[in-house]
Amino acid sequence: MNTQKMKVKSDFKRLTEFAGKRKILIYLSVIGSFLSALIALLPLIYIFFIIRDVINVAPNFEEATMIGHYAKMAVLFSVVTMIVYFGALMCSHLAAFRIGSAIKRMLLKHITKLPVGFYDEMGSGRVRKIIADTSGAAETYLAHNMPDMAGAIATPVGMVAIMFIIDWKFGLVSILPIILALLSMMKMIGPVMQESMRKYTDALEDMNNEAVEYVRGIPVVKTFGQTVYSFSKFKKSIDNYGKFCIGYTKQCRPAMIMFLTFINSAFAFLIVLVLILTNGGSSVTADVTLNFIFYVIFTPIITTTLMRVMYMADGSMQVKDALKRIDDIMELKPFGNEKQNDNHIAEKLAQNGYDVSFENVSFSYENSNVQALENVSFTAEKGKVLALVGPSGGGKSTIAGLISRFWDVTEGSIKIGGVDVKEIDKETLMNTISYVFQDSRLVKKSIYENVKLGKPDASREEVLAALKDAKCEGILEKLKDGIDTVIGTKGVYLSGGEMQRIAIARAFLKDAPVVVLDEATAFADPENEYLIQQSFAKLAKNKTVIMIAHRLTTIQNADKIIVMDRGKTVEIGNHKELINKGGLYKKLWDEYGTTIEWKVGGISA
């Protein structure tokens with residue numbers, strides 16, 4: 001859907017485009033709500049007729065023969081109002097649910113085409129909130145706000161007509177507080193408040209995103225005995241949200257006070273008019289009394305109607321902001337190559353081999369003035385292990401992400417088998433590379449289903465073989481249901497090292513020719529690390545392997561080691577060559593050795 005064309009359309013028209021065949025239900029709901037609001041005024045008129053007849057015949061009440069008829073008509077129109085309004089809401093909800101699901105599908109479909117780096121930059125918590133809140137705002141707006149808006153328009157139109165027909169003076173005085181209340185409300189729904197609504201949503205999204213990251217980091221917090229202040233960004237996001245909400249409330253307070261004062265003071269205006277018409281109460285007539293009673297009955301509707309209008313205005317601002325966020329997502333362009341399953345490319349890769357080469361690659365993250373990589377060149381050959389080491393922030397994980405086009409390079413090129421990754425269709429590229437991250441996550445499914453993600457059409461025997469290759473037999477033996485054990489239920493949880501071995505089994509099952517290991521033993525204990533290293537040795541056979549590690553003992557046998565520092569390749573060679581060179585790698589190796597041999601009070605740590 002072309003968002004540039006969508007922007008020139010009204011919010012209502014944009015939303016109805018998602019309704020498909022249910023678009024007619026939206027219009028039916030608006031018409032039904034409009035009619036129900038008009039019908040709802042009739043019971044009040046019949047109640048007034050009852051009061052009028054009673055006053056006119058007093059004290060001979062037996063002469064009021066129409067009271068029963070008026071009462072029946074009031075009840076009848078009350079029931080009709082509820083039926084019509086219920087029908088309108090049924091129509092609006094059916095259309096709203098369709099629109100909400102259509103928006104989610106559109107966003108999810110588009111997001112799946114975006115580079116994986118999009119999730120790192122925006123944050124998974126923020127992405128989830130945008131998808132949930134935008135569709136939720138659209139549903140609420142169409143299911144409730146639109147019908148209520150039609151009713152809110154119908155009610156004052158009908159009231160004004162009735163009020164001026166009965167007595168124009170009373171009608172004019174009753175409308176005066178409405179006008180003053182509307183003028184007060186305009187201060188809460190103008191451009192300034194629209195901007196405040198955007199900032200409010202930004203603050204809420206930021207807090208939600210940081211909360212997700214904080215929860216994920218709780219194990220680290222507990223391990224090192226830290227507090228919430230260890231996550232300063234989370235604390236700051238909470239403070240910013242609280243500060244904004246208080247400021248926003250204070251900003252709305254004067255206008256809200258005036259609004260509530262005027263909509264609840266219509267009766268006061270009527271009393272002033274009655275005093276004027278009756279010379280201070282000295283010449284009260286039956287007509288003035290009846291008219292006063294009629295308008296006292298009607299004026300409470302003003303309060304109800306304007307409160308609904310105010311909430312509808314808030315809903316309109318929310319849906320406008322939601323549509324803006326939808327546009328922001330939809331305007332993010334996927335990478336240019338969107339071909340599907342290009343067999344020619346796959347065959348070419350198989351023929352050329354799967355060497356991975358970086359040719360003068362430079363890259364910087366969006367909104368960053370610092371280059372993450374600068375003029376990086378190297379080749380990882382098939383059947384050999386290339387290791388990336390260096391201080392944190394050196395660009396190692398960035399290299400791993402660029403291979404799979406988590407992002408696209410700023411300059412230079414990355415090739416697999418001599419083919420630029422930009423020319424490889426998405427499916428072929430994903431089938432070519434297996435990743436094992438330092439924090440591999442498992443879904444709340446069985447071990448069998450988790451491993452099968454690597455190859456959806458794999459047989460049970462293939463999954464068992466992959467688990468065996470990944471040295472997972474010990475994990476399965478201790479679980480009652482073995483391979484069918486659902487992770488995360490009934491107290492079944494795995495350690496970090498065990499989760500890594502399950503993730504490695506997934507890589508075995510996928511059997512991709514290029515394997516990227518990003519700090520894959522970072523959270524493993526010595527026993528798990530030993531088993532992981534054994535499985536790595538088998539996984540790497542006849543494959544192009546790129547390994548990132550801080551534990552230098554895990555890469556000392558690598559065929560080639562590249563030392564990264566501040567986005568540049570500063571040293572290249574094998575372990576022995578780099579040690580003899582006496583450069584940054586030698587320094588890192590010595591520091592790593594010192595941490596292993598560290599002693600406290602003469603006892604090895």
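Student: What stands opposite V515 in β8?
Tutor: V545 does. Keep in mind that this is a predicted model.

Student: Which strand is V515's, and how does that strand pair with β8?
Tutor: V515 belongs to β7, residues 514–518. Strands β7 and β8 (residues 544–548) run parallel and share five bridges. V514 also has a bridge partner in β8, namely T544.

Student: And β3, how does that one pair with β8?
Tutor: In the parallel sense too, over four bridges. Strand β3 covers residues 385–389. Its V385 is bridged to V545 of β8.

Student: What's the strand order in the sheet?
Tutor: β6-β7-β8-β3-β9-β10. The sheet is open, has six strands and is mixed in its pairing. From one strand to the next, the twist averages 20°.

Student: Which strands sit at the edges?
Tutor: β6 (433–436) and β10 (568–573). Each has a single partner strand, so one side of each lacks a neighbour in the sheet.

Student: Back to β8. Buried or exposed?
Tutor: Buried, five residues of five, so the rest of the structure largely encloses it. In a regular strand, side chains alternate between the two sheet faces. Here both faces of β8 are covered. T544, I546 and I548 are on one side, V545 and M547 on the other.

Student: New topic. Which residues have the most contacts inside the largest nonpolar core?
Tutor: V451, L467, I502 and I555. That core has 43 residues. Helix α20 (residues 496–510) gives the most to this core, six residues.

Student: What does I555 touch?
Tutor: Leaving aside residues up to four places away in sequence, I555 touches A387, V389, M547, A549, I561 and Y585.

Student: How many residues are in the other core?
Tutor: It has 35, and it lies apart from the one with I555. V356, A372, L402 and I416 are among its members.

Student: Switching to charges. How many salt bridges are there?
Tutor: Nine in the whole structure. One of them joins E359 and K415, with the closest N and O atoms 3.7 Å apart. E359 is in strand β1 (residues 356–363) and K415 in strand β4 (residues 411–416), 56 residues apart.

Student: What does R460 bridge to?
Tutor: D484, at 2.9 Å from N to O. R460 lies in helix α18 (residues 460–469), while D484 is in the loop between α19 (473–477) and α20, so the pair ties together parts 24 residues apart in sequence.

Student: How accessible are R460 and D484?
Tutor: R460 is partly exposed at 33% relative accessible area. D484 is partly exposed as well, at 39%.

Key. Residues numbered from 1 in each chain as written. Predicted model: local features only at pLDDT ≥ 70, side-chain atom pairs only at ≥ 80, totals over all residues. Heavy atoms only, no water. Pairing = 2+ DSSP bridges. Helix = DSSP H or I, 4+ residues; strand = E, 2+ residues; numbered from the N terminus. Axes fitted to C-alpha atoms, helices over the stretch in contact; angles between N-to-C directions. Core = buried A, V, L, I, M, F, W, Y, C linked by side-chain atoms within 4.5 Å. Buried < 20%, exposed > 50% of the residue type's maximum accessible area, 1.4 Å probe, protein only. Contact = heavy atoms within 4.5 Å. Salt bridge = Lys/Arg side-chain N within 4 Å of Asp/Glu carboxyl O.
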